[in-house]
Every structure is written in structure tokens, then in C-alpha cells.
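Trainee: I would like to take a close look at a single part of this protein, and I would be glad if you set that part in the context of the whole chain.

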Amino acid sequence: MRNTSRLDTVNIRPGVSILSLLQHLNYRPWYALAEFVDNALQSFLTHRAEIRTIDAVLKVDIEFDPTDRGRLVVRDNAAGIYESEYARAFRPAEIPPDRSGLGEFGMGMKSAACWFAGKWSVRTSALGEPLERTINFDINRIVEDKIEELEITSRRVPAEMHYTEIALNELHHPLQTRTVGKIKEHLAGIYRVFLRQGILRLTFNDEELQYGEPPILSAPHHRTPSAPPILWRKEINFDFGEGQRASGFAALRQTGSTSTAGFALFRRNRLIQGSGDETYRPQFIFGHTNSFRYQRLFGELHLEGFDISHTKDGFRWEEHEQPFLELLKEYLDNEPVRLLEQADYYRVRASRNELMQSAETATERTAECIERDVPPVLSAQLTAEPDGAPPAAQLPRTTPPTSVRQINVELNQQPWQIVVEVVTDPAVGDWITISDSPDFVDPELHIPRRRVCVRMCLAHPFMDHFCGSDAGTMEALLRVAAGLGLAYIAARDAGAMLISTMIRNLNDLLRNGLSNP
């Protein structure tokens with residue numbers, strides 16, 4: 001049993017005025033809660049030999065009660081806060097003597113607690129000390145009265161007891177239902193290494209948090225689809241001097257994900273950047289959001305020699321990020337496992353059963369829509385005057401396009417410029433709009449070109465119901481629109497008559513019949 005004196009107060013100066021400002025930190029709730037888990041983990045790891053004789057696993061339980069402005073309680077069975085640590089533990093910005101662990105800024109518990117709540121308390125019993133001590137914080141009263149010492153309430157407990165309970169009341173940042181779900185997802189990701197190792201058992205409202213490991217792609221190389229499957233995973237390990245190095249793994253997901261693919265970056269086995277749906281996906285490696293590698297590439301990288309933000313939610317790269325990315329990209333796509341190439345070109349073929357089920361569903365829904373909504377639209381079209389007008393020379397003016405590409409080609413010994421454009425202007429009523437300007441003059445090269453433009457509108461109700469923001473679906477529909485537009489121009493050039501009627505009727509059907517769910 002450790003020698004203990006009767007500790008009646010704890011000094012919290014200097015900097016008590018800082019406490020009232022901490023609620024304005026740019027925290028996200030999962031990173032704020034992670035500060036309490038960090039403290040428990042570091043205490044457990046520091047005193048592991050002593051604790052293991054009693055408890056083999058660190059247990060951290062988080063409880064949330066949404067009533068009465070919200071209450072959060074975080075309990076752990078780590079070693080507790082020792083009397084000798086009080087001066088540092090409760091004083092703002094008191095840097096710990098050992099900064100090699102999970103706590104290095106001297107602000108974790110204080111900043112997270114003050115961010116969450118104006119009133120909070122700490123009740124703790126340190127292993128080997130026969131006292132339980134409780135300290136209450138009322139931030140407004142501390143700041144207004146310039147209180148520099150807080151009273152400690154003590155009671156005797158068995159010396160072998162060890163725990164800490166932090167209670168946060170009247171939350172500044174109440175947790176909504178969706179936020180609670182994200183907290184559980186992010187915390188499981190942040191502490192996945194300790195969960196895997198069996199060191200930590202983490203619960204939220206009695207639900208044990210587990211990290212779901214994404215299945216790794218096992219498939220043949222895209223160039224040899226009949227060859228035996230390969231597990232698309234590789235180890236990453238490189239050193240770029242001055243104590244900075246990276247290790248871990250990179251892999252391809254079995255099933256692509258626009259939200260959770262990407263890298264998770266760790267330091268000291270604790271995730272710093274890339275949890276949940278906030279993964280690390282620099283464009284230099286992942287490309288644009290509609291790329292296949294953006295949806296498949298993922299991994300875990302442990303970094304050494306890099307500083308982090310004081311809220312532990314990002315690395316302070318300074319000038320080192322680009323060299324890191326260049327080395328990483330080289331590792332990702334070198335032989336024999338070229339992850340980036342496989343991610344770019346590998347395509348999953350649905351099974352026959354899957355195709356049949358999807359076809360059955362799509363056919364049934366389309367048939368119901370045609371039966372219910374199409375007849376009045378089609379009846380009006382059958383009696384309407386045919387449209388023989390040629391396409392306009394220019395697309396009608398609208399807000400600047402969301403995306404536009406120009407393609408210069410030569411067709412039948414004549415230079416063409418094909419423009420594919422996507423707009424999100426709700427004032428554009430048609431799903432597809434086509435223009436044809438045979439006498440267009442290229443403003444850069446000053447040569448005549450035939451300019452054909454095809455515009456697709458994302459604000460159309462058909463796109464709202466069947467596309468949304470999914471890049472793959474959007475690409476497929478844009479290709480259909482481009483194909484229709486170019487086929488329309490080719491048909492007119494071949495002598496087809498009144499073909500504008502088809503485009504008019506298509507736009508009418510898509511808006512007034514086939515866009516309905």
C-alpha cells in the first residue's frame with residue numbers, strides 16, 4: 001500500500017480563465033470522448049504489471065442519458081489518479097513529464113470535459129491508495145470567482161480498488177441519435193488495435209464496441225481473369241529519415257465503398273486520422289471521388305516522427321506530406337502486387353442469380369410505373385404534332401455547368417468538337433438537351449469545327465429518384481445521354497426525318513411518367 005496523506009484541495013492555477021474557452025474548441029464528440037479513453041489506456045499500460053494481478057483487461061464504459069440537457073459518464077478500471085499526479089492532472093496546460101504515451105499535451109481530460117459540459121466531476125481511487133477522492137468542477141463559478149483551488153472530498157476504500165469515473169452534466173453539445181451512432185463507429189475505429197489485442201473492452205450504453213474488418217479482395221489479376229485468385233494486400237514499410245517512418249498494410253476492399261474506403265493513420269497504436277467515414281484519401285493517390293480506387297483502396301499506416309494536433313484528430317505534416325505520399329504511391333503500385341492498377345481496372349461480375357434477382361425487381365418496378373403513370377403522357381404524345389426542327393446551334397444559357405468536357409476528333413475528314421456537359425440548374429427542364437453548330441470556329445486554334453453539345457441535367461426528377469450522388473450510376477446515365485445525343489446527330493445526318501420528336505417525347509416521358517418511384 002502506498003503512503004498517502006490527507007489531500008484536501010488541488011491547485012488548478014495558472015490559466016483557470018482558459019477553462020471557459022474550451023467549450024469553443026473545434027472538437028468532434030468522438031475525439032473528445034477519446035481523450036478520456038486515452039487517459040485510461042495510458043494509466044493501464046503504465047501500471048499494467050500491477051493491474052494484471054487483479055484485472056486482465058482494461059474496461060472503459062461510456063453511458064449517455066439524453067434527459068435534462070444530457071449527461072455523459074465515463075468509467076474505467078485503470079490504475080486511477082494517484083495523489084502525486086493531482087497537481088498535474090487538474091491544472092490546465094500542465095505538460096506531463098513523459099510525453100511518449102497517449103497523453104502529451106496536458107489538456108486532454110480538461111479540454112474534453114469543458115468542451116462537453118459546464119459542470120463535471122472526477123471520482124477516482126488509485127491502486128494501492130486506500131482513499132477515493134472526488135473533485136467537482138463548475139466552470140462558470142471557477143472563472144467568475146477566480147477560484148484557484150478546488151476542494152477534494154475523500155472517503156476510505158480498500159487499497160486494492162482502482163477506478164476513475166468522470167461525470168459530465170448539462171452538456172454544451174447534446175448528442176443526437178445519429179451522432180451516437182457515429183460515436184460508436186468512430187471509437188471502435190480509433191481503438192481497433194487495442195480491441196484486437198484484447199487489451200481494451202470498450203462499451204457505449206452497455207453495447208460492446210467492435211471494429212468490423214473490411215473483407216479483402218481475393219481475385220485474379222484483371223489481365224488474367226482465368227488465373228488463380230490473389231489476395232490483394234501488401235505490407236508497407238519505409239523510412240524517410242530524421243526519425244520519420246511508416247509501416248502497416250494497404251489492400252483492396254472486396255466490396256467498394258464511397259464512404260469508408262481510404263487509409264487510417266495511427267500513432268502509438270491509436271488512430272489519429274481516418275476513422276469512420278472520415279478516412280484519409282488524398283487525391284494524389286486516390287484520384288477523384290468517382291474513381292474505382294477511391295472506392296476500393298484502404299489500409300492502416302502507423303507513423304513515427306510526426307507531430308499531431310492538440311485535439312489528436314490530425315497530423316501536422318508541414319512540408320513532409322508530399323514526400324510521404326510519393327513514397328506511399330510508389331509502394332502501392334510496385335511489383336508483384338500492384339494495388340492501384342488492380343483497383344483501377346478490376347471489375348466485379350455479378351453472379352447469374354444476382355443478375356436474375358435484380359432484373360426481376362427492375363422489371364416489376366418499371367412495369368408498375370408504366371401501367372400507372374405513362375398512359376396519359378403517351379396518349380398526349382400520340383396526338384401531338386411531330387417536331388421536325390433541327391437542333392439549336394447553341395445550348396440555352398444556364399448557370400455555369402457542374403462539369404464539362406470538350407473532345408476534339410476528326411470524323412469523315414472534318415474536325416468536330418464534342419462537348420459533354422452536366423448541370424444542376426433546376427431551371428433546366430429537360431433531362432437531355434442537344435445542340436449542333438456546323439459552322440463553329442475554335443476560339444483557340446481559329447479553325448472551323450462542327451460543335452455538338454450534349455447536356456444532362458442532374459436536377460431532373462428522374463436523376464433525383466434513380467441516381468442521387470452515386471458516381472457509378474451517374475456515369476452510366478451520362479453515357480446513355482451522350483449515346484442518345486450522338487445517335488440523334490448521326491441519324492439526322494443520315495436523312496432521318498422528324499427525329500427531334502423522339503428527343504422531345506423522351507424528355508416528356510422521363511419527367512412526367514418514368515421519374516416516379
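To begin with, how many helices and strands does the protein have? And then, in which order do the strands of the open sheet of 4 strands stand, and which helix lies across β20, β21 and β22?

Mentor: The model is a predicted one, and in it the protein has 15 helices and 22 strands. Its radius of gyration is 31 Å, well over the 24 Å that the globule rule gives for 517 residues, so the protein is more spread out than a compact globule. The C-alpha trace spans about 100 × 55 × 50 Å along the principal axes, and buried residues make up 47% of the 517 residues. Of the contacts with a separation of 6 or more, 68% are accounted for by residues 24 or more positions apart. The protein exposes about 26,400 Å², and carbon and sulfur atoms supply 51% of that area.

Turning to the part you ask about, the open sheet of 4 strands has the order β19-β20-β22-β21, and its pairing is mixed. The edge strands are β19 (403-411) and β21 (432-441), each of which pairs on one side only. Neighbouring strands of this sheet are turned against each other by 15° on average, with direction ignored.

The mixed pairing can be followed through β22. With β20, strand β22 runs parallel, and 8 bridges join the two; with β21, strand β22 (residues 448-457) pairs in the antiparallel sense, over 8 bridges. One residue of β22 can be traced to both sides: R451 is the bridge partner of Q417, and R451 also stands opposite S437. A further bridge partner in β22 is R455, which is matched with T433. The strands β21 and β22 form a hairpin with 6 residues between them, and in the turn H446 has a positive phi of about 60°. As for burial, where the cut-off is under 20% relative accessible area, 9 of the 10 residues of β22 are buried, so this strand is largely enclosed by the rest of the structure.

The helix you ask about is α14 (residues 471-493), which lies across β20 (414-423), β21 and β22 and runs at about 135° to β22. Further along the chain is helix α15 (residues 500-512), whose 13 residues should span 18 Å at 1.5 Å a residue; the end C-alpha atoms of α15 are 18 Å apart, which agrees. The buried residues of α15 are S500, T501, I503, N505, N507, L509 and L510.

For a second sheet to set beside this one, take the open sheet of 5 strands, which has the order β12-β13-β16-β14-β15 and mixed pairing. Strands β12 (233-239) and β15 (270-273) stand at its edges, each with a single partner strand, so one side of each is left without a neighbour in the sheet. The twist in this sheet averages 25° from one strand to the next. Within it, β14 (residues 262-267) and β16 (residues 297-304) pair in the parallel sense over 5 bridges, and G262 stands opposite F298 in β16. This sheet also has a helix lying across strands: α10 (residues 321-332) lies across β12, β13 (245-252), β14 and β16, and runs at about 145° to β12.

Technical notes
Residues are numbered from 1 along each chain as its sequence is written. This is a predicted model: local features need pLDDT of at least 70, side-chain atom pairs count only at pLDDT 80 or more; totals for chains, interfaces and linings use all residues. Side-chain values use heavy atoms; hydrogens and water are left out. Two strands pair if DSSP finds at least two bridges between them. Axes are lines fitted to C-alpha atoms, for helices over the stretch in contact, and angles run from 0 to 180 degrees between N-to-C directions. Contact means heavy atoms within 4.5 Å. The expected span of a helix is 1.5 Å times one less than its number of residues. Buried means under 20% relative accessible area, exposed over 50%, partly exposed in between (1.4 Å probe, protein chains only). The radius of gyration is taken over C-alpha atoms; the globule rule is 2.2 Å times the number of residues to the power 0.38. Accessible areas come from the Shrake-Rupley method with a 1.4 Å probe; for residues, only the protein chains shown count as cover.
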